[in-house]
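Colleague: I should be grateful for a close look at one part of this model, namely the strand pairing, followed by whatever can be said of the ligand surroundings and the internal cavity.

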Amino acid sequence: MSRGKTFRGGIHPVGHKELSSNKAITVMTPPAEVIVPLQQHIGAPCKPLVEKGDVVSKGQKIGDTEAFISAPIHAPVSGVVKAIESCLHPAGGRVQAVVIENDNEERLDPSITPHGDLEQLDADTIRKIIREAGIVGLGGATFPTHVKVMPPSDKPIDTLIINGCECEPYLTCDHRLMVEHPERVIYGTRALMKALDINRAIIGIELNKPDAITAMQKAAAGYVGIEIVPLQIKYPQGAEKQLITAITGKEVPAGGLPMDIGIVVNNVGTAAAIQTAVQTGMPLIERIVTVSGEGVREPQNLLIRIGTRLDGVLEAAGGLRGTPKQVIMGGPMTGLTQFDLSSPVVKCTSGILVFNNRKRATQPEACIRCGRCVDVCPAYLLPVTIVNYADGGELDAAVEWGLLNCIECGSCSYVCPANRFLVQSIKLAKAEVQAQRSKQTS
Ligand code: SF4
Ligand code: SF4
């Protein structure tokens, strides 16, 4: 096999994927109660369509909005609505949620019916199915997928890229999906190609998943226009812009979007969710989650209903081993530290990682001007310069030096020998700039 394509910059953190990469996906028993946030996507939050005391069916739509950039929410179990109240969101803050007491009947909503032969469906019908199924980017971005497949008429699309990189350490949910259900990913890829009215799709997979590459190549055989491209093992290979450059050699312009150069990117999990929505009619009510880290007794990949509490998930993975120092939702590079395990699994929960010995944040020292942060930055930025301006309160200068083009991958902080809080300063400065801009426009 070739060395694989890649992008400039990036780092090689230890993968730790062996903890769960050979563990087949296991279905977790749905919990007695689910907490389903009405905001699990980028865009407008949904309004509840049910009230306390209502009996709901599995797959029933329980939240929606008329906003274009949003995605409806569905009941992951059948049962009774116990409350509509605010809950802790694992991505931070509190949001309104529908709490459902599971009656364990798995009673299906009458709307759940297969949509028939993919070949007979037109682009508009597939876009509607994707929207109504509440499908969002399952790689972590949670951007509503129907919006991605409805680009403006002045942005013609010619290529679909399916992201099977899973470049963050520990995470193996996409790997297992490709090994165990490659045909689902290919079906979803074909559906996306039809929705975009294009005949070219490229599926990028890192070389540390040879079994996934083989399984996907086999499943794609016979489908014209779908190509599997092996990629070098490097973080952040799966970041949208870096993936595009690695595969096509094209650069998304600074401040631009993939659609500006005729490309749409989706994750393998998103493609599989589309297959389920088209072939069975079931909306997005569950996802595969990697539960791993040395603080987990039985690391594994679980198929979990949305709304299941994080502490329930850890229990299903054999419970905790030792004294946890940190629990993260997502990967260790971009994931979010959890301070309360009563929050639920949401559409973007790719992993729940528990660490007992994570390196403590050491005191940052003065920059020694080694340039390592510049060498690894996949966005071609000068992180140290941006941070110097940002920390000095000179936000305009930080923006001029590309603050807003930072993809928050954390590679600069990872390599900095002076332990400087580079990505942390950049995140704070970006939030400050966004807040200032929305104040000016309101
Ligand atoms: S500046 Fe941003 S994009 Fe560049 S390495 Fe740091 S976090 Fe990644
Ligand atoms: S890696 Fe750290 S020490 Fe080296 S130039 Fe960047 S900020 Fe300075």
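**Strand pairing, ligand shell and cavity**

Modeller: Strand 13 and strand 14 (residues 300-305) are antiparallel partners, joined over six bridges. The model is a predicted one, and the description below should be read accordingly. Within this pairing, Glu286 has Arg305 of strand 14 as its bridge partner. Strand 13 also pairs with strand 17 (residues 351-355), here in the parallel sense and through three bridges. In that pairing, Thr290 is set opposite Gly351 of strand 17. Strand 13 thus takes part in an antiparallel pairing with strand 14 and a parallel pairing with strand 17. Strand 13 itself, spanning residues 286-292, is mostly covered, with six of its seven residues buried. In general, strands of a sheet pair through backbone hydrogen bonds, in either a parallel or an antiparallel arrangement.

Another part of the chain forms an open sheet of four strands, in the order 2-8-7-4, with antiparallel pairing. Strand 2 (33-37) and strand 4 (55-56) are the edge strands; each has a single partner strand, so one side of each is left without a neighbour in the sheet. Between these edges, strand 7 (residues 79-88) and strand 8 (residues 94-102) are paired in the antiparallel sense over nine bridges. Opposite Val80 stands Glu101 of strand 8.

Turning to the ligand, the shell around ligand 2 includes four cysteines, Cys367, Cys370, Cys373 and Cys416. Also around ligand 2 are Ile368, Arg369, Gly371, Val384, Pro417, Ala418, Arg420 and Leu422. By class, the shell around ligand 2 comprises nine nonpolar residues, one polar residue and two charged residues.

The protein also encloses one cavity of 30 Å³ or more. The volume of this largest cavity is about 100 Å³. Its lining consists of 15 residues, and those nearest the centre of the cavity are Cys377, Leu381, Cys406, Cys409 and Cys412. Helix 10 (383-391), helix 12 (411-415) and helix 13 (422-441) are the elements that each give two or more residues to the lining of the largest cavity. By class, the lining of the largest cavity is made up of 12 nonpolar, two polar and one charged residues.

Technical notes: Residues numbered from 1 in each chain as written. Chains lettered and ligands numbered in written order. Predicted model: local features only at pLDDT ≥ 70, side-chain atom pairs only at ≥ 80, totals over all residues. Heavy atoms only, no water. Pairing = 2+ DSSP bridges. Buried < 20%, exposed > 50% of the residue type's maximum accessible area, 1.4 Å probe, protein only. Near = heavy atom within 4 Å. Nonpolar A, V, L, I, M, F, W, Y, C, P; charged D, E, K, R; others polar. 1 Å grid on protein atoms, 1.4 Å probe; cavity = no way out; pocket = protein on both sides within 12 Å on 5 of 7 lines; lining within 4 Å. Points joined across faces, edges and corners; volume = space filled by probe spheres on them.
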